[in-house]
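Me: Please take a close look at one part of this protein and walk me through it residue by residue. I would like the cut-offs behind each term as you go.

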Amino acid sequence: MFTSVNSRAASAYKRVAVETSVQGADPHTLVGLLYDALLQSIAQARGAMSRGDVEAKGTALGKAVRITEEGLKAGLNLQQGGDLAANLQQLYSYCVVRLTQANLRNDPKPLEEVTQLIEPLAQSWQQIKGSLPTPLQPLTGRGA
């Protein structure tokens, strides 16, 4: 019923750390944070489902749907993104449907499917970050 002081302090520290990382993040990092939060919410839903905790499952899946709809999907630039943005939009819409089905049917299989679809995107997104030049790095092939 009551949480310990240490637990509350750790929770506050974690919340501040997340807020600070979001406030200082560039758009690329923000998308990476969204992927991480989505996968974490799916894992929480899977755990809640296995424990039979309906409320926690619903909360976690609601968060996963919001991240997908309001974060990942809403952030797509369909005019400049071409086929890639259109394909991601369809993939995110499909993921929302599967997350909703997992919640309604109390079925972990759609959660596994969405995880298998999103994990490679998240990993690729992190690899892209390493290949982008920073503002202080000169681009190769240009004169100094």
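Reply: What follows covers the protein as a whole, and then H4, the loop after H4, and H5.

This is a predicted model, in which local features need pLDDT of at least 70 and side-chain atom pairs count only at pLDDT 80 or more, while totals for chains, interfaces and linings use all residues. Residues are numbered from 1 along each chain as its sequence is written, and side-chain values use heavy atoms, with hydrogens and water left out.

The protein has five helices and zero strands; helices (H or I, at least four residues) and strands (E, at least two) are DSSP runs, numbered from the N terminus. The order of elements from the N terminus is α-α-α-α-α. Of the 144 residues, 24% are buried, where buried means under 20% relative accessible area, exposed over 50%, and partly exposed in between (1.4 Å probe, protein chains only). The accessible surface is about 9,900 Å², and carbon and sulfur atoms hold 57% of that surface; the areas come from the Shrake-Rupley method with a 1.4 Å probe, and for residues only the protein chains shown count as cover. Among contacts (heavy atoms within 4.5 Å) with a separation of 6 or more, 62% are between residues 24 or more positions apart.

Now the part itself, starting with H4. Arg 98 belongs to helix H4, residues 78-105. Arg 98 counts as buried because its relative accessibility is 16%. Its side chain makes a polar contact with the side chain of Gln 101 at 2.5 Å. A polar contact is a pair of N or O atoms within 3.5 Å; within protein, one must be able to donate a hydrogen and the other to accept it, and residues adjacent in sequence count only if both atoms are side-chain atoms. Neighbours within four places in sequence aside, Arg 98 is in contact with Arg 105, Pro 110, Glu 113 and Val 114.

Asn 106 sits in the loop between H4 and H5. Its phi is positive, about 55°, although Asn 106 is not a glycine. Most residues other than glycine have a negative phi. Asn 106 is partly exposed because its relative accessible area is 42%.

On the other side of the loop, Leu 117 is in helix H5, residues 109-131. With a relative accessible area of 30%, Leu 117 is also partly exposed. Again leaving out neighbours within four places in sequence, Leu 117 is in contact with Leu 91, Tyr 94 and Cys 95. The C-alpha atoms of Leu 117 and Tyr 92 are separated by 9.6 Å, with the two residues 25 apart along the chain.
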